[in-house]
Each structure stands twice: as C-alpha cells, then as structure tokens.
Amino acid sequence: MNKERKLIVAGNWKMNKTVAEALLLVGELKRGAGNLQDVDIVVCPPFTALSEVANALRDSNIYLGAQNMSEHGPGAYTGEIAAEMLKELEVGYVILGHSERRQYQKESDELIAKKAQAAHAAALQPIVCVGETLAEREAGQTEKVLEGQVRGSLFGLGKEQMRRTVVAYEPVWAIGTGKTATTSQAQEAHAFIRGLLAKLFDITIARLVRIQYGGSVKPSNARELMSQPDVDGALVGGASLEAQSFTEIIQNSI
Ligand code: PEP
C-alpha cells in the first residue's frame with residue numbers, strides 16, 4: 001500500500017503477559033514480522049516485562065512502547081513511573097490517554113497534555129488516544145468530543161513535538177467489543193482530526209502526523225481500514241496478544 005505517511009502498527013497488551021509469556025510472543029513476532037519494511041511495528045507490554053522485552057528486541061526492527069507514564073519527573077510519587085525510567089529501558093513510544101485510563105483512572109485531557117509534554121522532554125514519542133463513546137456518537141457529538149480531546153490532550157505541544165506525536169483514534173464503542181468502525185466512519189474521524197491539527201498547528205504538521213485507528217482491528221478488516229487515505233496504522237488490543245493475528249494485521253496493512 002503506497003501511503004503518504006509511514007504506517008505504524010502498535011500492539012497494546014494491556015494487563016496481559018508474564019515475562020515468560022511476553023518473551024515467547026516477541027520471539028514469534030520477530031520470526032513473523034522481523035523483516036517487514038514500510039511499517040513501524042511497536043509492542044507495548046506491561047511495565048514488568050519492558051526490560052526483558054527490550055533485550056529481546058535489541059536486534060530487531062520492532063520498537064518498544066509503554067502503556068502509560070507519570071506526568072512528573074522522578075520523586076515522591078509512589079507507584080508511578082517517570083518518562084526517563086522508560087527511556088532507560090529503550091522505550092521509544094508511550095500510549096497516553098487510553099480510554100481505559102480515561103474511564104477507570106479518570107484521566108483528564110489536562111493530565112494527558114502534561115504527560116505528553118513530559119514524554120517529549122524525555123524524547124519518547126507519545127501515542128495520544130482520543131475517541132467518542134457510543135452515547136456521544138448517537139447524540140451526534142462525535143466531532144465535538146474529538147475536538148475537545150484533541151485540543152485538550154495536545155495542549156502546549158510545540159510544532160516539532162506534534163510532528164513526533166502519534167494520534168490514535170479509538171472509538172470507545174469499538175474497543176474490545178468486536179465492533180469495528182466502518183471504513184467511512186474511520187476515515188471521516190481521521191480527516192476531521194487532521195483538519196483540526198492543521199488549525200491548531202499548521203498544514204505541514206497535519207500532513208506529517210500519523211493517525212492510527214484502534215478498535216477491534218483484526219486480520220480480516222486491517223486492509224480495508226488501512227486503505228483509507230487518513231488512516232496511518234492501527235493500535236491493536238486483543239489481536240496483538242497472539243503473534244499470528246498481530247503479524248497478519250501488519251502484513252495486511254502494508
Ligand atoms: C485498544 O485497547 O487500544 C484496542 C484497540 O483494543 P481492541 O483491539 O481489543 O479493540
């Protein structure tokens with residue numbers, strides 16, 4: 001697939017995989033997807049497996065990501081992980097503002113913006129998640145919600161930081177439900193977000209920023225979703241837990 005931006009396919013393992021299981025999975029992934037070009041592949045294991053997975057990925061083309069981080073630098077924040085600690089483990093990306101964190105940890109756009117700035121300060125590339133709930137979509141609020149989240153979660157980023165930020169459009173109703181946005185729903189939302197980035201930053205930045213789609217991406221729907229002009233990759237939950245399905249998604253995306 002000839003795309004304007006390099007595709008980025010990331011696997012969000014959520015709270016799954018022991019270290020041993022994580023190593024098995026990355027071993028299989030390296031065999032299946034280790035020589036694929038034209039796509040940035042990222043795996044985001046739980047914190048407990050980052051160090052071992054970093055070692056396992058060292059001789060591969062697969063990048064390492066984390067699922068969250070603190071907005072603070074090192075200090076008295078019990079249970080938190082600072083951006084520079086991730087950087088030390090060769091983490092390159094960090095998922096911020098996933099809808100599960102927005103829902104269960106009540107993360108606000110303001111907090112996510114602080115985390116995004118802290119990520120950039122440590123040279124990590126944030127993957128900032130936005131997306132509407134089913135009730136919001138049914139009430140015709142999708143664009144209003146996306147605008148609020150994009151403006152709020154990316155607040156304070158400079159143009160160069162924005163260029164190195166990935167946005168993940170993840171309709172909440174499609175995450176882990178088996179329901180996928182139609183290609184036109186995804187394309188519409190992505191084009192809307194890109195238009196907003198042009199307003200908030202500039203047209204060049206908007207053209208460069210990669211916008212992933214997330215929400216029940218599977219091998220069977222990846223190709224169609226990725227064929228949309230403003231869909232630049234996928235953030236994959238459930239189907240990233242098996243090497244075969246994640247590899248097929250990657251293969252079907254390029
Ligand atoms: C996600 O959690 O980011 C996600 C997209 O999950 P799933 O692919 O399982 O819907």
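In the predicted model, Q187 is buried, its relative accessible area being 15%, which falls under the 20% limit below which a residue is classed as buried. The residue belongs to helix 9, the element that spans residues 183-200. When residues up to four places away in sequence are left out of account, the contacts of Q187 are with Q228, P229, D230 and V231. With one of these residues, D230, the contact is also polar, since a distance of 2.7 Å between the side chains of Q187 and D230 is within the 3.5 Å cut-off that applies to pairs of N or O atoms.

The surroundings of the ligand comprise 14 residues, among which K14, E170, G176, S216 and G237 make the nearest approach. For three of these residues, the approach can be described at the level of individual atoms. A polar atom in the side chain of K14 is found 2.5 Å from an oxygen atom of the ligand, and an N or O atom of the E170 side chain is placed 2.7 Å from a ligand oxygen atom. In the case of S216, by contrast, a polar atom of the backbone is involved, at 2.8 Å from an oxygen atom of the ligand. Of the 290 Å² of accessible area that the ligand possesses on its own, 95% is covered by the protein.

As regards composition, the shell around the ligand is made up of eight polar, four nonpolar and two charged residues.

Technical notes:
Residues are numbered from 1 along each chain as its sequence is written. This is a predicted model: local features need pLDDT of at least 70, side-chain atom pairs count only at pLDDT 80 or more; totals for chains, interfaces and linings use all residues. Side-chain values use heavy atoms; hydrogens and water are left out. A residue is near a molecule or strand if one of its heavy atoms lies within 4 Å of it. A polar contact is a pair of N or O atoms within 3.5 Å; within protein, one must be able to donate a hydrogen and the other to accept it, and residues adjacent in sequence count only if both atoms are side-chain atoms. Accessible areas come from the Shrake-Rupley method with a 1.4 Å probe; for residues, only the protein chains shown count as cover. Ala, Val, Leu, Ile, Met, Phe, Trp, Tyr, Cys and Pro count as nonpolar, Asp, Glu, Lys and Arg as charged, and the others, Gly among them, as polar. Helices (H or I, at least four residues) and strands (E, at least two) are DSSP runs, numbered from the N terminus. Buried means under 20% relative accessible area, exposed over 50%, partly exposed in between (1.4 Å probe, protein chains only). Contact means heavy atoms within 4.5 Å.
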